[in-house]
Amino acid sequence: MEIPHFGIPPELARRMSMAEQHEYLRTRLSRRRTLVTAGAVAGGLLAGCSGAGPGNDTATRSPSPSTSKAPGSHLTPFGRHLAFGADPKTQMRISWQVPLAVRRPYLRVGLRPDGLGRKVEAELRDLHTPELKGVRAAVEQYYLHAALDGLRPDTTYYYGVGHDGFDPASPQHRSTITSFRTAPAKPPERFVFTAFGDQGVGEEAALNDRLLLRRSPAFHLHAGDICYADPIGKGKESDVFDASQWDRFLKQTEPVARSVPWMVTTGNHDMEAWYSPDGYGGQLARFSLPESGFDARTAPGVYAFTYGNVGVVALDANDVSYEIPANFGYTEGRQTKWLDKKLGELRADASVDFIVVFFHHCAYSTSTHASDGGVRAEWPPLFAKHQVDLVINGHNHVYERTDAIRNGEVGRPVPVGGTTDPRRDGIVYVTAGGGGKELYGFPDGVKESYEGNTADREPVATFRWTRSQDTKAESVQWSRVRYRGFSFLSVEAESGAAPRLKVSALASSGERIDHFEVRRGA
């Protein structure tokens, strides 16, 4: 039975791109308001706090609706999640959700938990998911965002979120107050960040959250396929979709993301075709991410920031994927041009020792989805040109790590515990797809190989996706570490005379399954 396309004749829908379907349905399905980050008060403690959202110079702020019949005192905010602005030293974006529309939402912030003296107006982004008869009911969701600019570097701030009837500074709600810390003005001697992809909602996903929080990360990278509200992942209107999965995900993630910036990018399951533009309207409603030179209105998963001596670049691999082409070419090459420019800027910055790039689809992997030829064609040449130090992917629900790859081949073997220099050896690619969703495996007959259980090095028969959406077989030597289990990546960055990245992979048991070092000049 074919699922209806909201009034688009099925024979027509099959011939339409996702962008064309959006245009056809735009006036019926798009109720997302103009996205603009709320302004904050100027002067005093938060001097310089300002609205820094997309298009803040031209768009008007969305008023808070007052349609809820429930008193504000009965509506508890949930799903708090942080993200850096373009400058982690001075900017933080705070987002949360309310179950129904509220009046005058706001953020309180200060330098002490009992001194939240500044009140910052929040901006509403309400999201409507239309009914699909016989499949799902309509869903209304209310996301709130506040932008903090002009913060002090290396400073702990306390905050609480509220609205009319719910004041986080009141005695009955003080337990909701939490904190975050801005990045240091100068690179610290060491800091840790964590990463995974393909999390979803469930016991293993929540366990990974608890484990990574013990690492006290400065931030977390989520390499796409965030919550699986769309479990099909083809980016089509006919995909099954449950918007309420996002409520469950944000509640699950809140114990970490309320204090650790949760930096996401887009996977194939995050192309939610019911929201324009390009299926990213939901992402735009739920997250406030850094604005760093690319178009945050149309490509929310593309941005960059620098923390300490590490430059981080997030990319949207849906733009170049041969395997799942719903959004193939949607930036018309602009993302790749931006990437070239941004990597050049980071490599020219004397304060940046390491460049880490993360995105969803794998350039090099042997698991179920294998390697995406579109990613390989576009981005590894730029990674090599600018000597990227580490690439992190998801998509395949395993942990897999390559040797250092140079010109598509092994530039240098990097065994467990090994050391590599990308200037000489090439780049290590890590698939960190064990974030919590059901696990994949490896090709038949291929053994797992990880710390404490290493197998003899052997060629692996796998494949890559071609532009025609066919697969092309290949035998590869670069698959060094393979682990079929839930896991996450923990990266310790050290600065100084001999900077290095100490990369570890940890299983959900807490056991280390891989580790290696990236050193420049090693």
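**Surroundings of S288, the second largest pocket and a seven-stranded sheet**

The side chain of S288 makes a polar contact with the side chain of R125 at 3.2 Å, and a further polar contact joins the side chain of S288 to the side chain of H145 at 2.9 Å. These values, like the others reported here, derive from a predicted model. In sequence, S288 is placed in the loop that connects helix α5 (281-286) with strand β12 (303-307). Because its relative accessible area is 8%, which falls under the 20% limit, S288 is classed as buried. When neighbours within four places in sequence are set aside, the residues in contact with S288 are A83, R93, S95, R125 and H145; R125 and H145 thus appear in this list of contacts as well as being polar partners of the S288 side chain.

At the level of the whole chain, the protein comprises nine helices and 27 strands. Of its 522 residues, 60% count as buried, and S288 is one of the residues that are buried. Among contacts between residues at least 6 apart in sequence, 71% join residues that are at least 24 apart.

Seven of the strands are arranged in an open sheet, in the order β11-β10-β9-β25-β26-β27-β20, with mixed pairing. The edges of this sheet are formed by β11 (262-264) and β20 (419-420), each of which pairs on one side only. Within the sheet, β9 (residues 190-196) and β25 (residues 487-494) run antiparallel and are joined by six bridges. V192 stands opposite E492, a residue of β25. In general, the strands of a sheet pair through backbone hydrogen bonds, in either a parallel or an antiparallel manner.

A separate feature of the model is the second largest pocket, which holds about 270 Å³ of space. Its lining is made up of 15 residues, of which P380, A384, I405, R406 and N407 are the closest to the pocket centre. Two or more lining residues are provided by each of the elements α8 (380-385), β18 (404-406) and α9 (422-425), and α8 gives the most, with three residues. By residue class, the lining of this pocket divides into eight nonpolar, four polar and three charged residues.

Notes
Residues numbered from 1 in each chain as written. Predicted model: local features only at pLDDT ≥ 70, side-chain atom pairs only at ≥ 80, totals over all residues. Heavy atoms only, no water. Helix = DSSP H or I, 4+ residues; strand = E, 2+ residues; numbered from the N terminus. Buried < 20%, exposed > 50% of the residue type's maximum accessible area, 1.4 Å probe, protein only. Polar contact = N/O pair within 3.5 Å; in protein donor to acceptor, adjacent residues only side chain to side chain. Contact = heavy atoms within 4.5 Å. 1 Å grid on protein atoms, 1.4 Å probe; cavity = no way out; pocket = protein on both sides within 12 Å on 5 of 7 lines; lining within 4 Å. Points joined across faces, edges and corners; volume = space filled by probe spheres on them. Nonpolar A, V, L, I, M, F, W, Y, C, P; charged D, E, K, R; others polar. Pairing = 2+ DSSP bridges.
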